Number of protein chains: 2
Amino acid sequence: MIEANAPVTMSDVARAAGVSTATVSRVVNGHYGVSARTVAQVRSAIEQLGYESSLVATSLRRSRTNVLGLVAHSFQSYTAEVLKGVMKALSRSGFDLIIYANSDLYGSYSEGWEQRHLTRLSGTLTDGCIVVTPWGDIRSRTPVVAIDPVRGSTAPSVMADNLAGATTAVEHLLGLGHRRIGFIAGRDSLASAWSREEGYRAALANAGVPVDPTLIGRGDFNPESATPLARVLLQRPDPPSAIFAASDGMALKVLEVARELGFSVPGELSVVGFDNIPESASTEPGLTTVDQSMYQLGYEAARMLKSLVTGEWDEPSQIVLPTSLVVRGSTAPPTNATRP
Amino acid sequence: MIEANAPVTMSDVARAAGVSTATVSRVVNGHYGVSARTVAQVRSAIEQLGYESSLVATSLRRSRTNVLGLVAHSFQSYTAEVLKGVMKALSRSGFDLIIYANSDLYGSYSEGWEQRHLTRLSGTLTDGCIVVTPWGDIRSRTPVVAIDPVRGSTAPSVMADNLAGATTAVEHLLGLGHRRIGFIAGRDSLASAWSREEGYRAALANAGVPVDPTLIGRGDFNPESATPLARVLLQRPDPPSAIFAASDGMALKVLEVARELGFSVPGELSVVGFDNIPESASTEPGLTTVDQSMYQLGYEAARMLKSLVTGEWDEPSQIVLPTSLVVRGSTAPPTNATRP
DNA sequence: CCTGGAAACGTAACCGATAACGATTGCAGT
DNA sequence: ACTGCAATCGTTATCGGTTACGTTTCCAGG
């Protein structure tokens with residue numbers, strides 16, 4: 001039931017208990033210097049009025065709030081999986097979590113959005129923050145851990161072994177006999193996008209297959225960015241026999257375009273993604289992809305942030321987690337292929 | 001890069017620009033009464049110092065923050081889907097979103113957690129809140145919309161047509177020839193749990209099948225709660241030929257127990273869930289379930305909350321969304337069944 | 001009976017920002 | 001030159017809670 005009752009403040013409690021707000025504060029925070037009788041009075045007043053301290057007022061005055069923050073620029077499956085891991089790591093830790101998401105998902109907030117959010121939060125509200133797929137390097141008064149950091153960043157971060165993952169993915173395609181393999185890259189500024197492209201190039205180089213720059217499309221990890229790129233690749237007179245997309249979201253769009261243009265998958269086109277989001281298991285055919293355990297990324301990032309905040313850090317500050325290839329129905333040997 | 005620089009406050013800007021904080025505030029908020037020259041000076045100081053207003057301080061002073069809150073007691077697929085819908089509804093709306101999640105997921109926070117979180121947030125930080133699957137009725141200074149409210153609540157809320165959904169699900173099983181149909185109920189206090197059980201009973205009654213109370217297990221929507229209940233049902237000398245679980249999370253646990261006890265699904269046991277979370281599509285076999293578009297629930301709740309906050313509300317305050325049955329591989333006619 | 005010192009509690013400054021209000025300035029009109 | 005009205009900007013109270021500091025109370029020891 002909604003009741004428009006004014007919020008109960010500390011001075012209400014103080015008035016009811018016949019003491020000053022200072023005393024109420026001491027009771028609430030369990031500080032020393034209050035007689036047992038007064039404590040009982042204040043407790044009873046709190047109970048009776050249903051008082052609950054204001055997170056805002058407290059955090060404005062205090063340095064420590066026991067709240068950690070998470071900032072993400074969009075909310076897709078990737079972020080949701082990360083979040084589950086974060087919550088798990090924080091459960092029963094004494095830290096609450098505040099996720100701040102801005103409403104301008106689509107484009108207008110480009111460079112620097114997370115810096116804005118972060119300064120707004122870390123002013124006082126949170127003791128530290130996790131930033132998911134940032135756009136730039138971060139300044140902050142409180143500790144920050146990046147998940148999938150920008151290229152060249154030396155700040156604390158957690159990321160998957162993107163190079164190895166991408167290499168394995170492309171080697172899988174090469175092993176099936178593919179030679180003309182398209183690539184749809186991720187957002188250039190992120191280390192992950194860079195490494196996945198490196199893996200693509202390295203695998204081809206190892207197999208003695210020259211890199212054809214016209215087979216590389218420049219996406220940005222946003223699923224929508226892949227659609228026109230896939231169209232370009234598949235409408236060529238000589239389309240590739242396989243496409244490796246730097247994220248599952250983009251790979252799923254490739255599948256969409258392929259269906260639209262009448263390509264049979266995996267008969268005429270093999271597709272590989274990266275991430276292993278839940279949706280990738282339920283498409284028809286299932287998407288072959290590189291699993292990077294976003295859950296684990298979130299879990300480790302939260303663990304690291306906790307240690308940074310409490311000052312008990314002792315591990316290296318850049319964690320790299322292993323990946324594994326998940327083979328599903330979207331990959332097969334190319335038509336008219338000679339097995340290696 | 002992390003730098004331990006002190007946060008830039010409004011008075012820093014004021015000092016740098018040679019004006020008072022009031023003037024800075026006016027410039028920041030675009031208020032009337034500042035000369036163009038002063039505006040330029042302040043703007044330049046803001047730029048130079050990298051000033052960003054503190055969400056906390058602002059919300060303490062102001063009544064309106066343009067931030068909406070969401071409170072959830074756990075963070076599973078259900079919540080994640082809801083969140084996507086909420087974000088979609090809020091995109092480009094001018095409202096940002098703060099999600100507050102407490103760290104004591106597992107039990108210790110029982111009754112009343114969302115009331116605590118809500119008073120902490122709605123004190124000043126948010127203009128309104130969405131509460132997902134609350135435990136009790138809510139008091140709040142600012143508007144609150146409940147997703148999947150408690151039974152008997154008259155507060156603004158969004159929910160699926162649980163009665164119709166559950167009825168359809170059980171009719172599906174009846175139509176396949178099942179007569180002994182087990183049920184695993186949800187958290188008793190929620191309207192949804194109640195309606196889904198009603199649907200179960202109604203469908204059986206319509207088909208002239210008596211309700212066997214020993215075939216009903218009392219879960220709480222938490223996946224883990226279903227495991228022992230499923231075990232009890234399936235280890236009976238006369239196990240049911242089908243089980244309808246009030247949530248997908250619980251239904252997936254039923255599948256797990258069935259596998260563990262050597263039941264073939266759907267050969268010896270049919271299973272139906274409710275929710276249609278992403279995971280349900282990717283199990284083997286896929287879970288037959290009632291789709292309630294959690295995305296849509298989130299979308300509508302956010303839309304409603306926006307209107308409540310801006311005061312432009314004109315629709316009924318309790319929205320019920322349709323459901324649809326999604327038939328996958330986990331249901332089939334019972335062995336030795338006679339088709340109706 | 002007086003003093004010392006710790007315990008208990010209140011007062012007021014403060015955190016960062018906003019807004020009501022008052023004060024100052026500039027300029028047009030007479 | 002003087003009035004009057006805007007435009008412009010600073011002062012200050014305020015939000016709710018915390019804490020440094022000062023004051024009062026109370027009891028033990030001399």
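**Figure 1. Around B:I130, in the core.** Set aside the neighbours within four places in sequence, and B:I130 is in contact with B:L70, B:V86, B:V145, B:I147, B:A301, B:A302 and B:L305. Keep in mind that this is a predicted model. B:I130 belongs to the largest nonpolar core, which has 92 residues, and the members that touch the most others are A:V86, A:I130, B:V86 and B:I130. Another core lies apart from that one; it has 44 residues, including B:I181, B:L233, B:L269 and B:F274. Nonpolar side chains in soluble globular proteins do tend to be buried together.

**Figure 2. Chain A as a whole, for orientation.** Before zooming in again, here is the overall picture. Chain A contains eleven helices and twelve strands. Its C-alpha trace spans about 90 × 45 × 30 Å along the principal axes. The radius of gyration of chain A is 26 Å, while a compact globule of 340 residues would have one near 20 Å. Even so, 51% of the 340 residues of chain A count as buried. Take the contacts in chain A between residues at least 6 apart in sequence: 70% of them join residues at least 24 apart.

**Figure 3. The surface near DNA strand D.** There are 26 residues around DNA strand D, and A:M10, A:A22, A:A57, B:S20 and B:A22 come nearest. Both chains pitch in here: α2 (21-28) and α4 (55-61) of chain A, plus α2 (21-28) and α4 (55-61) of chain B, each supply at least two residues. The largest share, five residues, comes from α2(A). Sort this surface by residue type and you get ten nonpolar, twelve polar and four charged.

**Figure 4. The surface near DNA strand C.** Now for the other strand. Here, too, 26 residues sit around the DNA, and the nearest to strand C are A:A22, B:T9, B:M10, B:S25 and B:A57. Helices α2 and α4 of chain A and α2 and α4 of chain B each give at least two residues to this surface. The split by type is ten nonpolar, 13 polar and three charged.

**Figure 5. Strand β9 of chain A, mostly covered.** Six of the six residues in β9 (residues 270-275) of chain A are buried. A:S270, A:V272 and A:F274 point one way from the strand, and A:V271, A:G273 and A:D275 point the other way. That fits the usual pattern, as side chains in a regular strand alternate between the two faces of the sheet. Next door, β8 (residues 242-245) of chain A runs parallel to β9(A), joined by three bridges. Look for A:F244, whose bridge partner in β9(A) is A:V272.

**Figure 6. Backbone oddities in the loops.** Most residues other than glycine have a negative phi, and most peptide bonds are trans. The peptide bond from A:E284 to A:P285 is cis, with omega near 0 degrees, and A:P285 is in the loop between β9 and β10 of chain A. In chain B, a cis bond joins B:E284 and B:P285. A:R92 has a positive phi, near 60 degrees, and is exposed because it has just 11 C-beta neighbours inside 10 Å. For A:S293, phi is near 45 degrees; with 19 such neighbours inside 10 Å, A:S293 counts as partly exposed.

**Figure 7. B:S195, tucked into a helix.** B:S195 is in helix α8 (residues 191-206) of chain B. Why does B:S195 count as buried? Because B:S195 has 24 C-beta neighbours inside 10 Å. Leaving out neighbours within four places in sequence, its contacts are B:N162, B:L163 and B:A166.

Notes:
Residues numbered from 1 in each chain as written. Chains lettered and ligands numbered in written order. Predicted model: local features only at pLDDT ≥ 70, side-chain atom pairs only at ≥ 80, totals over all residues. Near = placed C-beta within 6 Å. Helix = DSSP H or I, 4+ residues; strand = E, 2+ residues; numbered from the N terminus. Nonpolar A, V, L, I, M, F, W, Y, C, P; charged D, E, K, R; others polar. Rg over C-alpha atoms; globule rule 2.2 N^0.38 Å. Buried ≥ 20, exposed ≤ 12 C-beta atoms within 10 Å, placed from the backbone. Contact = placed C-beta atoms within 7 Å. Core = buried A, V, L, I, M, F, W, Y, C linked by C-beta atoms within 7 Å. Pairing = 2+ DSSP bridges.
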